[in-house]
Amino acid sequence: MKKLKADEFYRYHMLSDLKISPEGTGTAFLVSQVADDKKYRTELLVLREGETRCMASEVAAYCWKDETSVLYSVKTEEDNGKKGVRLWEIYEKSMDGEARIFARLPVPVSDLQKIAENVFLFSSSIDVKCPDYDKLEESEKEEYHRKKEEEADYIVLDELPFMKNGKHFTNGVRNALFLYTADDGCLKRITGSTYDVEEFAVTGDYVAYRGSAYTRKSNCNGSVMSYNMKTGETTCLMEEGKYRCWLLNSWNGMPMVKINAVDHPMGCGSTGYFYSLDPESGKLSPISEFECNRNSTVSSDCRLSGGKTVCAVSDATYFVTTRGCDGILKK
């Protein structure tokens, strides 16, 4: 096998986060490539009527606003005249129009999703020592960043894990979920101050999310929680440490989870069966035959890019499984 050279890798275009417009007339996706400074640059492209158009560059996250326009987030270079204070801007852009600022937020914006008209859900990194940064006054934000600059020469590692692939050091950092209402500018964190969200899915009035709440060591067998967007109540659907599971797309109006055997001889990620999860009661119901599972063989993370192995469409779920020496697409 021919070895992959550095310059060949730098020319490689990595596609991700494909999203189809509400009525299906357009397809948007992100394209990342290593730039001359050895940092990734990400562009947002839209394919419509056989034509591909670049909508924006340096994009962190995006979603369709309607059939002809997209929203995307970028980090501003300006400090708004304040020491260390940064803003994240969300822009709106139509297929033929100019980009305009849709919102300015004090926290990073990732995994942006439209929930309802002018209501959006996104994930964001927060500091466990200052989880309510978005609520601070401008003078308090300046003081926060001043202290951060004083401590910039060293990092105290007192948690596990203290770093993640592609995210550098994550000690003291959690991935949280926020709801943003554009009409009144209301920004609300819906997850706990120490909860680290790994995955989330929206089904009706509920946001189901999986992760772990910790102060010293994360639990690989995390919990699954449900947030009711109408009542603001949070319910634990699956207790931490009980299952090794992955939260997937919604299925028939319910979150879908893949549960793995924690004591499997080939490892806890070697097998996985699909269940629907009631967002109110936490009841699990199998939705696939038990002789078929996802990731039934030992896999590797040493791959150049990758693809989806499970997808929920309407009332059916498609997934890739292994039978003997064959890879099979099951429905």
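**Note on the predicted model: a salt bridge, the cores and the chain geometry**

1. **Arg100 and Glu92.** A salt bridge joins the side chains of Arg100 and Glu92, with N and O 2.6 Å apart. The model is a predicted one. The two partners sit in different accessibility classes: Arg100 is partly exposed, at 45% relative accessibility. Glu92 is buried, at 13%, because the limit for buried is under 20%. The structure holds 18 salt bridges. Three further cases follow.

2. **Lys148 and Asp127.** Which parts of the chain does the pair Lys148 and Asp127 tie together? Their side chains meet in a salt bridge, 3.1 Å from N to O. Lys148 belongs to helix α2 (residues 138-150) and Asp127 to strand β10, so the bridge links parts that lie 21 residues apart in sequence. Lys148 is partly exposed, with a relative accessible area of 39%. Asp127 is buried, at 12%.

3. **Glu150 and Arg146.** This salt bridge stays inside helix α2. The closest N and O atoms of Glu150 and Arg146 are 2.3 Å apart. The two residues are 4 places apart in the helix, so about one helical turn separates them. Glu150 is exposed, at 51% relative accessibility. The limit for exposed is over 50%. Arg146 is partly exposed, at 34%. Elsewhere, salt bridges with shared partners join Glu51, Arg53 and Asp96 into one network.

4. **Overall make-up.** The protein has 331 residues, and 40% of them are buried. Its secondary structure comes to 2 helices and 25 strands. Take the contacts between residues at least 6 apart in sequence: 39% of them join residues at least 24 apart. The protein exposes about 19,100 Å², of which carbon and sulfur atoms supply 48%.

5. **The largest nonpolar core.** Nonpolar side chains tend to be buried together in soluble globular proteins. Here the largest nonpolar core has 18 residues. Which of its members touch the most others? They are Leu112 and Phe122. Five strands each supply at least two residues of this core: β5 (61-64), β7 (88-94), β8 (100-105), β10 (119-127) and β13 (173-181). A second, separate core has 14 residues, among them Met55, Ala56, Val70 and Met95.

6. **Around Leu112.** Set aside the neighbours within four places in sequence. Leu112 then contacts Lys19, Ala61, Tyr62, Cys63, Leu71, Phe120, Leu121 and Phe122. Phe122 thus appears among the contacts of Leu112.

7. **Around Phe178.** Is Phe178 buried or exposed? Phe178 is buried, with a relative accessible area of 0%. The residue lies in strand β13. Beyond four places in sequence, Phe178 has contacts that include Val107, Phe120, Leu121, Phe122, Ser124 and Ile126. Asp134, Leu187, Lys188 and Arg189 are also in contact with Phe178. Phe178 and Leu112 are 66 residues apart along the chain, and their C-alpha atoms are 9.8 Å apart.

8. **A nonpolar patch on the surface.** Ile155, Leu157, Met163 and Phe169 make a nonpolar surface patch of about 390 Å². Phe169 lies in strand β12 (residues 168-169). Phe169 counts as partly exposed, at 44% relative accessibility.

9. **Backbone points to check.** Most residues other than glycine have a negative phi, and most peptide bonds are trans. Three places here deserve a look. The peptide bond from Leu160 to Pro161 is cis, with omega near -5°. Pro161 sits in the loop between α2 and β11 (163-164). Glu49 is not a glycine, yet has a positive phi of about 50°. Glu49 is in the loop between β3 (40-48) and β4 (51-57) and is exposed, at 80% relative accessibility. Asp111 also has a positive phi, near 50°. Asp111 is found in strand β9 (residues 110-116) and is partly exposed, at 42%.

10. **Confidence.** The average pLDDT of the protein is 83, and 81% of the residues score at least 70. Where does pLDDT stay under 50? It does so over residues 296-305. For that stretch the model has 10 contacts beyond four places in sequence. Predicted coordinates should not be read in detail where pLDDT is low.

Notes: Residues are numbered from 1 along each chain as its sequence is written. Side-chain values use heavy atoms; hydrogens and water are left out. A nonpolar core is a set of buried Ala, Val, Leu, Ile, Met, Phe, Trp, Tyr and Cys residues joined through side-chain atoms within 4.5 Å. Buried means under 20% relative accessible area, exposed over 50%, partly exposed in between (1.4 Å probe, protein chains only). Contact means heavy atoms within 4.5 Å. A salt bridge is a side-chain nitrogen of Lys or Arg within 4 Å of a carboxyl oxygen of Asp or Glu. Accessible areas come from the Shrake-Rupley method with a 1.4 Å probe; for residues, only the protein chains shown count as cover. Patches are made of residues with over 30% relative accessible area and no salt bridge: like charges are joined within 9 Å, nonpolar side chains (Val, Leu, Ile, Met, Phe, Trp, Tyr) within 5 Å. pLDDT is the predictor's confidence in each residue, from 0 to 100.
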